[in-house]
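Dear colleague,

Please find the structure below, handed over for your study. The notes that follow it set out what was found.

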Amino acid sequence: MERRTCVSLSVILSLLLAAIGSLVLSSQEKVHERVEVVYQEILARVFKGDRLVPGLKAEDFALFEDGKSMAIAHCQELRRSLASPEVPVGAAAAPSARGRLFVFLLWLDEESREWPKAWEHFLCHVYRAGDRVVLSDGTRTIEVSSPEKDGEKIKAFFAAMAEGQRHRKAEKNRLVKELEALAAKIYDDLGFNPFGEKAQHPSTDGTGPLPPGLKADLEKDYMDQFTQHFKAVINEYRLVRLKGYRSWLDGLAGALKAVEAEKWALVFMQNERLPLINRDGRLFRETPMMQNTANELRRMMDEIERQVQLDNDMTGYVRDLRSQFVGANATFHLFLCDAAKESLANEHLQWQPVFSSWESAFRQISADTGGQVSSTKRLGEAMERAAASEDIYYVLTYQPVEGPDRRRELRIEMRSPDLKAVYSRKLVLGDLFPLKVRGLEWRDGILKVSLADFQRTYGDAGLRGQLRIAIRAEAQGREPLTSSSEIHPAEAAVDVELALKFPASGRYVVKVEVEDRLTKRRAQAQKEIEVLTQAPPSPALQALPPAPPISAELAGVLDLAADYCRRLKEGAFRFYCLEDVKERYLERNPVKQIVQTTERSWQYDYQITGAGGEINERRRLIRDGARKVDKEVSKLETRFASRYSVFLPVTLLAVENRPTYSYRLLGRDRVKRRRCTIVEVLPRLAGGGGIAQGKVWIDEEDGSVLKIEINPSGVAGVEELEKAAQNLLARLLLEVTHLYLVEHEGLRFPSMTMFREAYVFEKTVTTQKAEIPFASGEGKKPASASTIVEIPKVEQARREVEFYRLHQDYGKYRFFEVQSREKIKDPSSS
């Protein structure tokens with residue numbers, strides 16, 4: 001039988017440790033001995049019964065180190081849930097948006113229809129860009145950095161998991177059949193004839209019952225064989241699937257503790273059960289066994305049931321286990337579901353729930369780490385409840401006894417007798433405060449450095465840290481720029497904003513080194529930034545009042561989009577694709593004298609070349625309606641036309657164009673399963689049509705643009721269309737949409753462009769005629785051509801009449817070159 005947990009231990013631990021490199025930007029050497037008096041932090045959760053207790057203060061705790069009472073300098077309450085990031089209670093600042101780590105232990109021995117619902121809820125409502133996910137089914141493990149990009153890897157993992165589940169199900173079925181065969185054999189051996197005529201073991205001459213002594217010996221032989229085989233099968237199953245391994249849990253706790261991030265473990269298991277002897281079955285009711293044999297059979301059953309239904313191999317380990325996982329500061333949620341119902345071949349056995357040491361351990365770990373235990377058939381709903389539940393814990397700061405770096409015994413007692421604290425009972429100075437640079441952010445001449453996990457000590461100004469920040473900026477062909485400063489933060493985490501002045505525009509690699517002066521630890525990080533010297537704004541823009549400030553969230557999204565626009569603008573690409581153009585509009589049939597819909601279509605071989613911020617497009621007409629042609633054309637023959645759709649994101653979102661626009665955060669949406677932020681982009685100066693503007697869907701992970709809806713004011717010639725609408729006694733409805741769903745080498749290309757022109761009549765009207773000019777899309781002057789349009793009689797108020805629709809679909813891309821300018825390499829790297 002497959003032993004899954006031990007097989008994948010090293011793989012899971014290696015992946016968890018590998019995640020450190022992506023979630024922590026630096027590594028530090030261990031401090032072995034400290035001579036300064038420093039402060040340490042202890043994590044604790046407080047329970048009243050089985051409920052977490054909020055709102056406690058330092059005076060509610062009593063802390064002891066090696067039996068000596070210690071003063072608690074500070075007590076901080078923190079709360080977190082799957083659906084929202086960790087945040088200190090009473091914090092004025094928003095929580096950090098750093099990535100989280102999710103470990104899924106999918107120990108489901110049978111396929112579950114409910115598991116996909118739980119996974120879908122996680123992707124839609126819990127996961128956010130920057131999170132890391134480790135998936136393990138016990139025999140294979142993968143790491144997921146982006147569900148979108150790793151879709152094929154995830155699909156292959158789940159397919160392999162399903163195959164393994166079918167294999168384990170087949171093993172379980174073989175075990176059940178083996179137990180059924182053993183029960184049927186002992187039923188027959190003990191002498192009952194199912195036809196009720198005579199015993200199968202007559203006397204030696206075949207005419208009467210066996211002598212009592214011989215019958216007792218035979219039954220003992222039968223029972224010895226049955227007991228040996230039955231217990232061997234059960235014991236193998238128990239060792240492989242029910243017995244927990246302490247070393248595995250030790251390794252998991254240690255690996256989680258090493259990861260510097262918000263950590264969650266989601267454990268999915270099925271309630272274990274086995275077919276055991278039915279005490280009310282035919283074996284006892286119908287078999288003429290001797291009383292001693294019946295008593296022996298019941299003793300064997302009692303022994304097996306105790307073995308598989310009682311907690312007997314983790315009891316002495318629970319205390320240390322709780323301490324380790326609380327110290328790792330990972331919240332566990334346990335999800336239990338029942339296996340599919342099955343019938344047995346005879347009445348000798350019956351399904352009975354059996355004990356799993358894994359379940360017992362994870363039940364205790366989930367309770368102690370602030371998670372939930374859900375036993376349900378609806379895993380999707382259980383995931384939703386777990387995501388909404390809140391974990392509450394406390395960080396207690398105290399001053400340890402001075403001395404060398406050694407293991408110290410900690411004890412926390414609660415002043416209230418009905419409260420119980422669960423905490424990490426061991427402390428080695430240097431385990432905490434590894435010092436981390438969580439991130440670097442560059443915007444508007446300010447470098448923001450996010451720092452955390454540094455040491456603080458009490459002084460004249462209270463509890464403060466001592467950090468030295470050194471900055472070095474390098475660019476090709478220029479002398480390095482250096483600066484340094486020292487700060488004394490009061491909070492456990494801080495964002496430091498440093499104003500940097502550069503002599504010229506260009507691309508710089510900014511390296512930051514931070515030293516914790518109390519622990520002597522260092523952390524480094526670097527970021528490539530672009531410094532732009534913008535042209536002075538026009539007099540009209542200068543006359544406007546300053547643009548209103550934008551939120552930090554919107555600023556982060558715009559910076560991500562600006563970086564994408566830079567790559568798009570500086571990228572070099574050349575591609576061909578097929579462009580299918582379909583146009584539909586209303587016109588009067590001169591023969592039938594009625595207004596009807598006319599449709600036209602074209603197909604083009606469409607070529608785009610771009611480099612250095614310039615784009616050229618060429619079209620060759622290869623089909624006009626149903627007729628094949630081969631003709632070089634310079635522009636579309638349609639009523640509307642859009643040029644350089646691929647470059648439209650740069651117009652709206654590039655850094656150099658920001659002074660022209662104002663930006664507003666509208667909300668969030670999904671486009672093809674990608675999480676997007678919707679931003680409204682409007683020109684700051686009022687003007688005529690043709691100034692690109694509208695709503696933009698920005699990918700929250702890489703800043704690329706997936707969709708743009710152009711505001712009607714951004715369409716050239718819209719004023720003439722508005723006048724035509726007034727002549728028709730109607731209101732103009734103009735829709736322009738661009739989709740960018742083709743991705744190649746990190747850049748996105750158009751997949752669809754749509755123009756729709758309609759007129760909304762607020763009241764009934766007779767047949768209307770008006771002169772409607774041809775419009776030519778965003779960014780061009782309207783063509784001089786126009787047409788007399790007739791709208792049929794409108795008999796219902798608030799009716800919308802679609803006059804025109806244009807669809808441009810792009811497909812069958814052939815990429816010959818797509819690349820972005822290489823980044824400046826770290827001079828220290830080879």
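**Helix 9 and the residue after it**

Helix 9 is followed by G370, whose phi is positive, near 85°. Please bear in mind throughout that this is a predicted model.

Helix 9 itself covers residues 357-368, which makes 12 residues. At 1.5 Å a residue, these should span 16 Å, and the end C-alpha atoms are 17 Å apart, so the expected span and the model agree. Several positions of helix 9 are buried, namely S357, W358, E359, A361, F362, I365, S366 and D368. As general background, an α-helix has 3.6 residues a turn, so residues three or four places apart point the same way.

**Two helices in contact**

Which residues of helix 2 meet helix 10? From helix 2 they are W115, K117, A118, H121, F122 and V126, and their counterparts in helix 10 are L379, G380, M383, E384 and A387. By class, this contact has 7 nonpolar, 2 polar and 2 charged residues. Helix 2 comprises residues 115-126 and helix 10 residues 379-388; the two pack at an angle of about 35°, and their axes are 7 Å apart. The crossing of helix 2 and helix 10 is right-handed.

**An open sheet of 4 strands**

The model also contains an open sheet in which 4 strands follow the order 24-23-26-27, with antiparallel pairing. Strand 24 (481-487) and strand 27 (522-531) stand at the edges; each has a single partner strand, so one side of each is left without a neighbour in the sheet. On average, neighbouring strands of this sheet are turned by 20° against each other, direction ignored.

Within the sheet, strand 23 (residues 467-474) runs antiparallel to strand 26 (residues 506-516), and 8 bridges join them. In this pairing, E474 stands opposite V509 in strand 26. In general, strands of a sheet pair through backbone hydrogen bonds, either parallel or antiparallel.

**Strand 36 and its partners**

How many bridges join strand 35 to strand 36? There are 4 bridges between strand 35 (residues 705-710) and strand 36 (residues 731-739), and these strands run antiparallel. Here E709 stands opposite T737 in strand 36.

Strand 36 is also joined to strand 39 (residues 752-761), by 9 bridges and again in antiparallel fashion. In that pairing, L732 stands opposite Y759 in strand 39.

With kind regards

Methods. Residues numbered from 1 in each chain as written. Predicted model: local features only at pLDDT ≥ 70, side-chain atom pairs only at ≥ 80, totals over all residues. Heavy atoms only, no water. Expected span 1.5 Å × (residues − 1). Buried < 20%, exposed > 50% of the residue type's maximum accessible area, 1.4 Å probe, protein only. Pairing = 2+ DSSP bridges. Axes fitted to C-alpha atoms, helices over the stretch in contact; angles between N-to-C directions. Left-handed = near helix turned anticlockwise from the far one by under 90°. Contact = heavy atoms within 4.5 Å. Nonpolar A, V, L, I, M, F, W, Y, C, P; charged D, E, K, R; others polar.
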